[in-house]
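Trainee: I would like to take a close look at a single part of this model with you. Could you guide me through the charged side chains there?

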Amino acid sequence: MPNNIILLGETGVGKSQLGRAMTGSRQFVPSASAQSATQNVVMEKRTDGGYVIDTPGLKDSGGRDSAHIAAIARALKSVGTVNAVVLVVNSGNVRFDTVHSSLKLLVDMFGPNVKKNFVVVFTRWPTDPTSVARRAANGVNETERMAAVQNFFQRKMRHNKAVPCIFGDFLSGSQDASRQLIQVSARLCPFVCKTVQEVQAEADRQRAELERQRQLEREARERARQERERRERERQRQLQREAEERERQQQLQREAEQRAAEARRREEARRAAEAQEQARLLLALLQQPRYMSSPFILGGGGGYFYY
């Protein structure tokens with residue numbers, strides 16, 4: 001993902017000089033007066049593939065901040081992502097309050113997460129011994145300027161995270177500060193340039209998609225529940241059929257056993273009747289007059305018939 005950097009600030013603070021230092025492009029035209037030299041957004045690609053985006057000066061002499069913010073928004077959307085939203089400040093005339101309303105409008109447009117990508121660059125900060133001694137005599141140093149930055153963002157922008165600060169003198173042609181800015185920007189998490197309305201619409205779409213997925217899951221769970229219930233009903237019916245079949249088989253077995261028992265009883269009764277009849281016949285024979293005798297064999301025994 002390209003390391004894109006957008007430059008914001010008042011007219012004449014050195015945005016175009018900073019852009020030229022990072023890209024070498026003559027498309028970045030410095031302003032020589034209170035009149036903004038950059039009337040439109042200028043985008044130039046660096047050698048590492050990232051874009052530097054110069055914007056019209058805020059609080060310019062024409063009072064066109066709203067139009068400029070709209071142009072900045074279009075530029076941010078055109079690149080898709082931006083690593084650093086750089087507020088360029090003239091170190092010799094530090095005025096944060098003058099750009100507060102424009103920064104707030106930018107935050108209102110893109111949401112509070114864009115504040116995580118803010119970087120402050122102090123221009124016209126020469127590092128020669130004479131300039132360093134003059135700043136020290138006036139009580140001006142990097143620590144004091146960074147404290148002012150943190151105070152502004154905490155008090156006015158309601159942003160309590162530390163905002164990176166970079167100091168450089170781009171008029172002298174030094175590349176140190178511009179390289180430092182590129183390095184700091186590369187360490188920041190890219191911000192996806194979508195307006196609050198677009199973010200809200202995307203969030204609504206995601207919520208609708210999430211609800212659709214949840215509805216599909218609910219329907220799938222309901223279908224699974226109905227399938228489990230159907231299978232359970234089928235299993236219960238199968239168990240019932242098996243139980244009925246077992247009962248039928250047991251009933252058939254009982255009936256067969258009853259028929260066998262009845263057959264045994266009838267057979268026993270028949271044998272008993274036959275034995276009784278034989279005994280009766282034998283008794284009748286024994287009770288007849290004995291005229292003559294004749295041996296006979298009956299049932300394994302012997303005797304005589306008398307006639």
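Trainee: Is arginine 212 buried, partly exposed or exposed, and what is its relative accessible area?

Mentor: In this predicted model, arginine 212 is partly exposed, because its relative accessible area of 42% falls between the limits of 20% for buried and 50% for exposed. Its side chain meets that of glutamate 209 in a salt bridge, with a distance of 2.8 Å from N to O, and glutamate 209 is itself partly exposed, with a relative accessible area of 30%. Both residues belong to helix 7, which covers residues 196-286, and they stand 3 residues apart, about one turn of the helix.

Among the other salt bridges is the one in which the side chains of glutamate 211 and arginine 218 meet at 2.7 Å, N to O; here glutamate 211 is partly exposed at 38% relative accessible area, and arginine 218 counts as partly exposed at 35% relative accessibility. Further along the sequence, glutamate 247 forms a salt bridge with arginine 254, where the closest N and O atoms are 3.2 Å apart. Glutamate 247 has a relative accessible area of 42% and is therefore partly exposed, while arginine 254, at 33% relative accessibility, is likewise counted as partly exposed.

Salt bridges also link Glu267, Arg270, Arg271 and Glu274 in a network, and the structure as a whole holds 22 salt bridges. Aspartate 54, in strand 3, offers a contrast, since it is buried yet has no salt bridge, the nearest side chain of opposite charge being that of lysine 15 at 4.8 Å, beyond the 4 Å limit for a salt bridge. The side chain of aspartate 54 does, however, make a polar contact of 2.6 Å with the side chain of serine 16.

Note on methods:
Residues numbered from 1 in each chain as written. Predicted model: local features only at pLDDT ≥ 70, side-chain atom pairs only at ≥ 80, totals over all residues. Heavy atoms only, no water. Helix = DSSP H or I, 4+ residues; strand = E, 2+ residues; numbered from the N terminus. Buried < 20%, exposed > 50% of the residue type's maximum accessible area, 1.4 Å probe, protein only. Lys, Arg positive; Asp, Glu negative; His and termini not counted. Polar contact = N/O pair within 3.5 Å; in protein donor to acceptor, adjacent residues only side chain to side chain.
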